[in-house]
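Trainee: Pick one part of this model and look at it closely with me, please. I'd like to hear how it sits against the rest of the fold.

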Amino acid sequence: VSGFGTAITLLALQTLVVVTLQSDAVAVGWLNTFRWLPYLVLGLVVGAMVDRVRRRPVMIVTDLTRAVLLAAIPLAWVLGVLTFPTLMVIVVLFGTVSLVNDGASQSFIPRLVPRSALQRAHARLDGADAVAQTAGPAVGGALIRLVGAPLAVLVDAASYLFSALMLTTLRVSEPAPVAERWSFRRFGGEVVAGVRWVYGESGLRRMAVATQVWFAGQATLLVVVVPFAYLQLGLSALQLGLVFALAGVGAVVGAATSTRVGRRLGTGGAIWCANLTSAAGVVVMAGAALAPTGWLAAAVLALGQLGHGWSMGLSNSHEMTFRQALTPDELQARTNTTLRSLNRAVIVVVSPLAGLCADRFGFVAALAAAAAIFASAALMLILSPLRRVRIE
C-alpha cells in the first residue's frame, strides 16, 4: 500500500515542479538532489543509531512522520504559499525520515526469515511493490488530471498511515537493545566499522561500486524522463502515468521470474543481465523522440520502461540477498545505510548535472549517457569473479 502511494507521489512531485510551478529539467534535478541529500549527510550516522535499537518501532514512527510531511504539501498549496523553496524544505525533511525508515526496514527482513529464504522473501516484497508501482502511476496520472498534482500527494500520506497500522499488528521477537554508555568515540567507531565492513574484506566492495555506477544511470533517468515526456514528446499526465504503469508491469514480471533466472544464471549473473537490459531499455526510450504522434511516442517510451522495470524487479532481490547473506545481524543496519547513503549520494551529485546536460545537449543525449552508464555497471560485474557467485 505504501509503495502504491509512493508511485503516485513520484509522478505528482515531478509534475508539480514542471507543470504547476512551471520549472524545467534543472529544477527536477534539484528536486531529486534534495530528496536524497540526507542520505549523503546523515546516512552513516543513522545506520549506527538504528543498530542500537529495535527496528519495528522506528518503522512505525517514521511512517507516521512521513504522512504528516506529505500532507503539508497540499496544505501549503491551498494556502497559496507553495513555492519551489518551500517544496524543497518539505522534501529534504521527508528524505531524512525516509533514511531512518530505510535503515530499519531493510535490516528487519533477516529477523523475519532465515538466510535460505532471503532471496524468495525479497522477491515477494519486490513483486508486491511492483504491483503497486504498476497501478500507482496510472491512478496517479488520472488523479493529477482530476484534482491536480498537489492534492494527489494526499493518497501517499494516507498510505503511510495504513503502513504504520499494519506494522503495529506485526508480531515479531526482536532482541533487546544493547545497554551501553553513550560516547562519541564509541559511536564513531561503530560508524567506521560499518564502512570498513562494506569496503573491506566482506566481499561486498565490487558489487557496491557497480551498484553506485548503476545509480548514476538511474539518477539521470529519473531527472530526464518526465521533462522529456512533457516538453519534447508532448504527453499528458494520463499518458505518462500509463507509461510508468508499464514499468511496474515489467517489475512484477522481473520479480516473479527472479528466482528462476537466479537459479539459471546465479546471483551475479542475474544482476549483470538486469543491468544490460536497463541499458537496452533506455535506448528504446530515446527512440520515442522519432515517433510521429503522441500515443506512438508514449508506446515506445512505455516499451523502454517495461524493459527497465523488468531489470529492476529481477536484480533487487539478488543484490539484497547477496548483501544480507554476507552480513552479521549486528552490522545489518550499518551495512544497509552505508550502501544506501552512498548510492543516494550518487543521485545527489548526478541529478543536477543530468538536468544541466539535458538542457544543454538535449534529452536524447542525456538518455544515451544513461544507457552507457547502465552498460558500464554490467561490464564491471561481467569482468569480475562476482559473475559466478551463487547464494542458495
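Mentor: Let's start at P114, which sits in the loop between α4 (84–108) and α5 (118–147); helices here are DSSP runs of H or I with at least four residues, numbered from the N terminus. Before going on, note that this is a predicted model, where local features need pLDDT of at least 70 and side-chain atom pairs count only at pLDDT 80 or more, while totals for chains, interfaces and linings use all residues. Residues are numbered from 1 along each chain as its sequence is written, and side-chain values use heavy atoms, with hydrogens and water left out.

P114 counts as exposed because its relative accessible area is 52% (exposed is over 50%, buried under 20%, partly exposed in between, with a 1.4 Å probe and protein chains only). Its C-alpha is 9.6 Å from that of A325, although 211 residues separate P114 and A325 in sequence.

That brings us to α11, residues 294–326. With 33 residues, α11 reaches 48 Å from first C-alpha to last, close to the 48 Å expected at 1.5 Å a residue (the expected span is 1.5 Å times one less than the number of residues). There's still a kink in α11 of about 25 degrees, centred on S315; the bend is the angle between axes fitted to the seven residues ending there and the seven starting there.

The partner of α11 to look at is α10, residues 237–286: the two axes come within 4 Å and cross at roughly 35 degrees (axes are fitted to C-alpha atoms over the stretch in contact, and angles run from 0 to 180 degrees between N-to-C directions). In the α10 and α11 contact you'll find 27 nonpolar, 21 polar and one charged residues. Here Ala, Val, Leu, Ile, Met, Phe, Trp, Tyr, Cys and Pro are nonpolar, Asp, Glu, Lys and Arg charged, and the others, Gly among them, polar.

α11 also helps to line the largest cavity, together with α9 (205–232) and α12 (332–361), each giving at least two lining residues. The structure has one cavity of 30 Å³ or more, and the largest holds about 80 Å³ of space. A cavity is a set of points on a 1 Å grid over the protein atoms alone where a 1.4 Å probe fits but cannot get out, and lining residues have an atom within 4 Å of a point; points are joined across faces, edges and corners, and volume is the space filled by probe spheres set on them. Its lining is L204, M207, A208, T211, E319, F322, R323, L339 and N343, which makes five nonpolar, two polar and two charged residues.

From α9, take Y230, which counts as buried because its relative accessibility is 13%. Y230 is 36 residues from G266 in sequence, yet their C-alpha atoms are 40 Å apart.

Finally, α13, residues 363–382, carries L367, and A378 is in α13 too. L367 is counted as buried because its relative accessibility is 1%, and A378 because its relative accessible area is 0%. The C-alpha atoms of L367 and V225 are 8.3 Å apart across 142 residues of sequence; for A378 and V213 it's 9.3 Å across 165 residues.

Note on methods:
On a 1 Å grid over the protein atoms alone, a cavity is a set of points where a 1.4 Å probe fits but cannot get out, and a pocket is an open set with protein on both sides within 12 Å along at least five of seven lines; lining residues have an atom within 4 Å of a point.
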